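Reader: Hi, I have a structure open and would like to go through some parts of it with you. Could you take my questions one at a time?

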Protein chains: 2
Amino acid sequence: MTSFAPTRDLTPRRMPAEWEPHAACWMGWPQAALWGGDLKAAEADYARVAQAVAQFEPVRMLADPSSAARARRALGNSIEVIEMPLDDAWLRDSGPAFVRTGDAGLAAVHWRFNGWGGANTAFTRDAAVGRGVAEHLGVPVIPSALAMEGGAIAVDGAGTLLATDTVTFNANRNPGLSRSHAEAEFARTLGIRKVIWLPGDPHEYGTDGHIDGIACFIRPGALLFETDGGGDPAGAAINAANRAVLEAATDADGRPLELFDLPGAPAMPGKQGVGDWGYCRSYVNFYIANGGIVMPGFGIKADSAARAAVQQAFPDREVVQIRIDTLAAGGGGIHCITQQEPALPTPESPEIT
Amino acid sequence: MTSFAPTRDLTPRRMPAEWEPHAACWMGWPQAALWGGDLKAAEADYARVAQAVAQFEPVRMLADPSSAARARRALGNSIEVIEMPLDDAWLRDSGPAFVRTGDAGLAAVHWRFNGWGGANTAFTRDAAVGRGVAEHLGVPVIPSALAMEGGAIAVDGAGTLLATDTVTFNANRNPGLSRSHAEAEFARTLGIRKVIWLPGDPHEYGTDGHIDGIACFIRPGALLFETDGGGDPAGAAINAANRAVLEAATDADGRPLELFDLPGAPAMPGKQGVGDWGYCRSYVNFYIANGGIVMPGFGIKADSAARAAVQQAFPDREVVQIRIDTLAAGGGGIHCITQQEPALPTPESPEIT
């Protein structure tokens with residue numbers, strides 16, 4: 001049995017917002033077994049995202065030993081490749097949730113990860129990635145028995161967390177979980193004082209309705225909310241149900257939330273998902289980097305309005321839009337494959353806000 | 001959202017062994033909806049157990065408001081009845097795991113309880129009982145996102161815990177849980193330093209192989225192990241597999257475990273379980289009270305040898321054996337329906353060992 005007795009002061013804990021300064025961005029390299037004939041195209045999408053993020057901050061690319069050589073060839077010398085056993089390559093979900101700790105250090109919350117409620121044993125490598133990343137960095141691990149994924153939560157860095165019922169309380173992840181248990185676990189691990197529960201998306205196959213396909217904080221008290229793009233009446237109703245909760249909610253400090261529209265993409269019946277996955281046409285599934293935003297594009301007319309809305313929400317950041325057809329067909333976007341490692345204060349930059 | 005910020009020093013934590021002094025024993029009163037025509041017989045079994053335990057220590061009987069009057073009539077004035085919403089009446093599993101805390105107080109670990117991996121919503125009242133008991137006593141709650149039941153763990157009070165794979169890692173409770181996650185959660189909540197993982201019982205319908213039908217600590221380093229009683233070759237093989245692990249194991253202090261035999265009951269084909277439950281013919285499913293043991297009997301020849309083995313294991317305690325036909329038909333024994341509340345040190349009894 002491994003001992004988890006902390007040797008440092010790990011409380012209080014705070015999960016910084018994604019817009020706070022990063023030390024790096026963690027990603028994973030796609031696996032041949034899952035992408036089959038689409039592997040080369042998937043690798044190209046991952047590489048373009050990595051290169052775009054690397055303009056703003058260091059990227060640390062995990063690669064299964066079996067694919068590390070391919071990763072290094074594709075990425076060149078500017079991006080670090082770290083070998084670690086992987087089943088798949090969605091670091092937002094399998095990776096740790098980094099928190100700031102009481103001694104002004106970092107710790108890594110390591111969720112129980114079970115492949116988005118999938119088969120019990122198919123994701124044993126990815127289930128160890130949260131710990132693996134922490135050990136690579138030498139930061140303490142905070143294990144959590146909650147089945148959770150980074151894409152299923154959004155934080156404002158100031159005590160508020162968004163999550164969805166269709167993920168958190170799904171019997172494929174946490175059968176019988178009570179709301180108070182979930183809230184207590186977010187409080188313990190991430191320092192959360194208020195959880196806003198969105199209904200989620202019962203029809204979204206794959207992740208059961210991740211928040212990172214619905215909305216994201218842009219600062220405390222304000223959100224970008226992806227509006228329905230049309231062509232899917234059931235999806236529009238789900239979208240409205242999630243919006244209604246956010247419009248009525250208050251955050252950890254009792255503030256109502258200001259919602260800014262991010263115009264969504266229309267349904268694209270011609271675009272198919274890979275295997276069982278649905279095509280992910282979410283624009284809000286972007287990554288906030290140091291000084292930049294790396295956001296999805298699908299080669300459609302709606303791309304430019306989405307980009308404009310994101311630029312307006314983050315006027316001081318450079319917005320880079322990347323076409324991610326294969327990644328989207330695999331069921332995810334750019335937020336899904338990235339995981340920020342917060343920067344710690346330095347003498348030159350003593351305060352992180 | 002409820003706040004769980006502790007106002008007291010809750011670390012380090014230690015779950016006392018069942019043989020340490022108790023303040024009380026918590027039980028629950030059976031529900032008409034579940035027992036149907038067997039209700040009166042079930043009530044009689046529960047009442048006999050409560051009266052037997054009450055010879056040794058106070059009993060606090062929870063009763064759903066709908067059945068509190070029946071409980072009071074059956075139990076008389078000597079046993080306290082506390083109204084609390086209940087679905088069922090197995091306090092070992094739905095109740096809290098009491099731990100001693102850093103300030104020499106008590107706290108209550110409140111597991112995620114989901115009705116032994118059953119339907120997601122059928123046990124919402126019982127899922128709140130752990131917290132309800134803690135609030136009744138005014139002790140801090142330590143919520144755990146682990147789906148767990150008190151009957152699925154056995155502790156020696158000195159850092160060692162026994163648990164079974166077939167419960168802990170069952171997809172109906174904790175899909176995708178890793179061993180290190182489970183061990184970390186037992187360390188955090190109960191102060192455990194070493195978990196001994198038994199295979200459990202894949203054939204045991206109902207609880208999927210609780211440890212309290214297999215073995216129990218009688219002191220640190222020593223166990224009563226219930227031997228196979230015959231008449232069920234598959235059960236005998238499972239029994240042997242569990243025994244083999246215990247024979248090879250060492251505890252938190254590196255000691256091998258001394259195993260004492262508790263001769264099991266033979267299969268009783270004539271005795272049927274209620275509904276979907278199997279008849280519980282376990283003798284090791286007893287309760288250790290202050291100065292006493294309250295153990296099951298089935299009205300068969302094997303009862304006396306079992307009683308003798310328990311008496312030998314606890315020479316200083318009075319052993320009371322109670323026939324529990326209806327309770328056993330409901331799938332459980334005496335340990336399943338009882339939950340000890342540890343006593344705190346007093347000026348007269350300053351040390352608890």
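Reader: Where does Pro12(A) lie in chain A?
Author: Pro12(A) lies in the segment before strand E1 of chain A, a strand that covers 22–28. Please keep in mind, as we go on, that this is a predicted model.

Reader: And is the peptide bond from Thr11(A) to Pro12(A) cis or trans?
Author: The bond from Thr11(A) to Pro12(A) is cis, and its omega is near -5 degrees.

Reader: What about the bond that joins Thr11(B) and Pro12(B)?
Author: Thr11(B) and Pro12(B) are joined by a cis peptide bond with omega about -5 degrees, and Pro12(B) is placed in the segment before strand E1 (22–28) of chain B.

Reader: Since you mention E1(B), how does E1(B) run relative to E16(B), and how many bridges join them?
Author: E1(B) and E16(B) run antiparallel, and four bridges join them. One of the pairs to look for is Ala24(B), whose bridge partner in E16(B) is Glu341(B).

Reader: Which residues of E16(B) are buried on each side?
Author: Strand E16 of chain B, residues 339–342, is covered on both faces: Gln339(B) and Glu341(B) are buried on one side, while Gln340(B) and Pro342(B) are buried on the other.

Reader: Ok, new topic: what is the strand order in the sheet with E14 of chain A?
Author: The order is E13-E14-E15 in chain A, where three strands form an open sheet with mixed pairing. Strand E13 (287–289) and strand E15 (318–323) of chain A are the edge strands, each of them pairing on one side only. From one strand to the next, the twist averages 25 degrees.

Reader: What holds strands of a sheet together in general?
Author: In general, strands of a sheet pair through backbone hydrogen bonds, in either a parallel or an antiparallel way.

Reader: So in which sense do E13(A) and E14 of chain A pair?
Author: E13(A) pairs with strand E14, residues 292–297 of chain A, in the antiparallel sense over three bridges. Within that pairing, Ile288(A) has Ile293(A) of E14(A) as its bridge partner.

Reader: Which strands does helix H2 of chain A touch when it packs on that sheet?
Author: Helix H2 (residues 39–54) of chain A touches E13, E14 and E15 of chain A, and its direction makes about 170 degrees with that of E15(A). Helix H9 (residues 302–313) of chain A also packs on the sheet, touching E14 and E15 of chain A, and the direction of H9 makes about 150 degrees with that of E15(A).

Reader: At what angle do H2(A) and helix H3 of chain A pack?
Author: The angle between H2(A) and H3(A), the latter being residues 68–75, is about 55 degrees, and their axes are 10 Å apart.

Reader: Why are H2(A) and H3(A) called oblique to each other?
Author: Angles from 65 to 115 degrees count as roughly perpendicular and those under 35 as roughly parallel, and because the angle of about 55 degrees fits neither of these groups nor the one over 145, H2(A) and H3(A) are oblique to each other. Their crossing is right-handed.

Reader: Which residues make that contact between H2(A) and H3(A)?
Author: H2(A) brings Glu43(A), Ala47(A) and Ala50(A), and H3(A) brings Arg70(A), Ala74(A) and Leu75(A). By class, the contact of H2(A) with H3(A) has four nonpolar, no polar and two charged residues.

Reader: Over in chain B, is Ala74(B) buried or exposed?
Author: Ala74(B), which is found in helix H3 (residues 68–75) of chain B, is buried because 20 other C-beta atoms lie within 10 Å. Leaving aside residues up to four places away in sequence, Ala74(B) touches Glu43(B) and Ala47(B).

Reader: Changing topic again, what is the phi of Trp116(B)?
Author: Trp116(B) has a positive phi of about 55 degrees, although it is not a glycine. Trp116(B) is in the loop between strand E5 (106–112) and helix H5 (129–137) of chain B, and with 25 other C-beta atoms within 10 Å, Trp116(B) is buried.

Reader: Last one: how many residues does each chain give to the contact between A and B?
Author: The contact takes 32 residues from chain B and 32 residues from chain A. On the side of chain B that touches chain A, the largest share, six residues, comes from H7(B).

Notes: Residues are numbered from 1 along each chain as its sequence is written. Chains are lettered from A and ligands numbered from 1 in the order in which they are written. This is a predicted model: local features need pLDDT of at least 70, side-chain atom pairs count only at pLDDT 80 or more; totals for chains, interfaces and linings use all residues. Two strands pair if DSSP finds at least two bridges between them. Helices (H or I, at least four residues) and strands (E, at least two) are DSSP runs, numbered from the N terminus. Axes are lines fitted to C-alpha atoms, for helices over the stretch in contact, and angles run from 0 to 180 degrees between N-to-C directions. Two residues are in contact if their C-beta atoms, placed from the backbone, lie within 7 Å. A crossing is left-handed if the near helix is turned anticlockwise from the far one by less than a right angle, and right-handed if clockwise. Ala, Val, Leu, Ile, Met, Phe, Trp, Tyr, Cys and Pro count as nonpolar, Asp, Glu, Lys and Arg as charged, and the others, Gly among them, as polar. A residue is buried if 20 or more other C-beta atoms lie within 10 Å of its own, exposed if 12 or fewer, and partly exposed in between; C-beta atoms are placed from the backbone.
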